[in-house]
Amino acid sequence: MNQVVGGADFLLLDPSSAPARGLTGWLVDALRSAITDGRLVAGTRLPATRVLAEELAISRGVVVEAYRRLADEGLVGGRSGGGTSILAKPVPAARPRRAPQEPVSRLPRPRLPVGEGIDLSPGVPDLSAFPRSTWLRAERAVLSETPPEDLGYGDPRGHPRLRAALAPWLARTRGLRTDPDDILIVAGVAQAVALLAQQLRGEGVDTIAVEDPGSRGAIEELEYWGLRPVPVPVDDEGIRVDVLATTGTSAAFLTPAHQFPTGVVLGPHRRRELLGWDGELLIEDDYDAEYRYDRAPVPALHPSAPERIAYAGSTSKSLAPALRLGWLIPPRRRYADLVAAKHASDLGSPTVPQLVLARLLDSGEYDRHVRLVRARHRARRDALLGALPGAVVTGVAAGLHLLVTLPADVDDGALAGELHEAGVLVHPLSWHRRLPGPPGLVLGYASHTPDRLREAGETIARVCGWR
């Protein structure tokens with residue numbers, strides 16, 4: 001009797017161990033595990049899909065789909081005719097080292113071992129979506145046309161070509177009315193916040209109003225530079241301006257277009273109230289403004305009061321945090337001192353990435369990329385939402401995360417601990433609070449494929465008792 005047995009020497013794969021209706025998932029898990037534990041190192045070429053399918057006696061479509069899922073996760077890559085190879089394993093971003101005087105965070109931040117479980121921490125973009133080929137083409141063009149003198153120490157304000165490209169783009173997409181000479185190129189919103197915080201301290205300001213709940217990372221950075229955060233509650237219409245007016249602070253930090261972590265938009269009447277606030281400086285972090293799915297675009301606050309609003313944005317979520325490319329449009333009276341501080345801290349931002357971004361903005365490639373990634377994120381959001389039946393979810397119309405609100409008697413920190421043990425890492429909403437408030441879970445969805453998000457959602461629903 002002749003018996004056909006499917007199996008491959010490659011990783012000793014045996015499809016007989018796969019579940020009856022989960023062959024693709026089995027193959028994805030096997031390859032992902034081999035990449036994680038080092039059996040498959042960066043540069044290793046995977047077998048051709050036809051060859052592996054024949055060895056395993058399975059449909060070639062199963063192998064093609066498995067390779068595609070791994071490519072979506074940024075674990076493999078390749079080009080037509082060139083095969084599929086293992087990419088370098090993603091390395092978790094290092095936390096900034098704390099200076100001795102910086103206060104220790106109130107709560108530890110757990111991590112999942114690499115390759116184990118699903119990390120739904122908010123603020124992590126889809127790094128596998130970085131437009132490598134588009135960026136490479138633009139970079140080659142930039143290097144071929146850039147004169148030698150442009151490779152020296154550049155303008156501390158940022159390269160004129162990038163500032164000239166950003167001004168009309170910000171006008172078109174965010175409603176800003178600004179001139180290239182009003183723009184300061186920075187290493188992301190973090191540097192913008194650092195420069196402004198140092199300037200405020202130099203003026204004798206020692207407090208700053210912040211949203212509550214609000215961005216824990218931004219608040220800790222403000223504390224690092226010597227400003228004491230004064231929490232102001234956020235409701236369904238955004239920051240409570242009536243409470244802000246009672247704090248006595250002259251500066252505030254806001255995320256009005258997509259508040260972190262609640263996802264609410266600052267309401268029209270709150271905008272009007274905010275313009276009546278007598279503070280000296282409002283820092284506007286245009287957080288996740290490029291990602292909206294089910295609502296109309298919201299213009300930036302900056303055009304309403306440019307003389308006291310400092311607007312900050314970056315490519316960290318649209319392209320990649322590693323580029324360290326951002327922009328700051330401060331009140332004009334603050335501009336010269338901020339340029340001097342920027343020059344003293346780093347002598348200027350890297351020139352080549354600035355010229356590449358300028359080229360992508362001018363050509364429309366940047367906008368096309370954002371539209372593509374927006375559709376991808378919408379599918380991921382929908383996958384996670386669909387796996388959370390019975391959950392009360394807010395903040396889903398835009399951004400890269402959603403907020404699950406919980407009953408008042410639930411300890412969200414303890415629940416996050418249970419989920420961590422079950423293999424899903426989330427942020428309890430209490431991490432981002434300084435004032436008492438309802439509990440919740442903050443779930444980031446940008447960095448995982450829909451099938452992984454459905455898996456994570458099912459685990460969350462099971463642990464929370466929603467199914």
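Mentor: Before we start, contact here means heavy atoms within 4.5 Å. This is a predicted model in which local features need pLDDT of at least 70 and side-chain atom pairs count only at pLDDT 80 or more, while totals for chains, interfaces and linings use all residues. Residues are numbered from 1 along each chain as its sequence is written, and side-chain values use heavy atoms, with hydrogens and water left out.

Trainee: OK, what is L166 in contact with, leaving aside its neighbours within four places in sequence?

Mentor: Under that restriction, L166 is in contact with I183, I185, W327 and L361. L166 is also, with L170 and W327, one of the residues that touch the most other members of the largest nonpolar core, which has 29 residues. Such a core is a set of buried Ala, Val, Leu, Ile, Met, Phe, Trp, Tyr and Cys residues joined through side-chain atoms within 4.5 Å, where buried means under 20% relative accessible area with a 1.4 Å probe and protein chains only.

Trainee: Which elements give two or more residues to this core?

Mentor: They are α4 (132-145), α5 (160-174), β11 (326-329), α11 (351-363) and α12 (365-386); helices (H or I, at least four residues) and strands (E, at least two) are DSSP runs, numbered from the N terminus. A second, separate core of 27 residues includes A383, L443, Y445 and A456.

Trainee: Switching to β16, why is it described as largely enclosed by the rest of the structure?

Mentor: Because five of the five residues of strand β16 (residues 440-444) are buried. G440, V442 and G444 point one way from the strand, whereas L441 and L443 point the other way. In a regular strand the side chains alternate between the two faces of the sheet.

Trainee: And which strands does β16 pair with?

Mentor: Strand β13 (residues 401-405) pairs with β16 in the antiparallel sense over five bridges, and G440 is the bridge partner of T405. Strand β15 (residues 427-428) also runs antiparallel to β16, joined by two bridges, with P428 standing opposite L441. Pairing requires that DSSP finds at least two bridges between the strands.

Trainee: New topic: where are the cis peptide bonds?

Mentor: One joins D212 and P213, with omega about 0 degrees, and P213 lies in the loop between β5 (207-212) and α7 (216-224). Another joins F260 and P261, with omega about 5 degrees, and P261 is found in the loop between β8 (251-254) and α9 (268-276).

Trainee: What about D288, is it buried or exposed?

Mentor: D288 counts as buried, because its relative accessibility is 2%. Its phi is near 55 degrees, a positive value in a residue other than glycine.

Conventions
Buried < 20%, exposed > 50% of the residue type's maximum accessible area, 1.4 Å probe, protein only.
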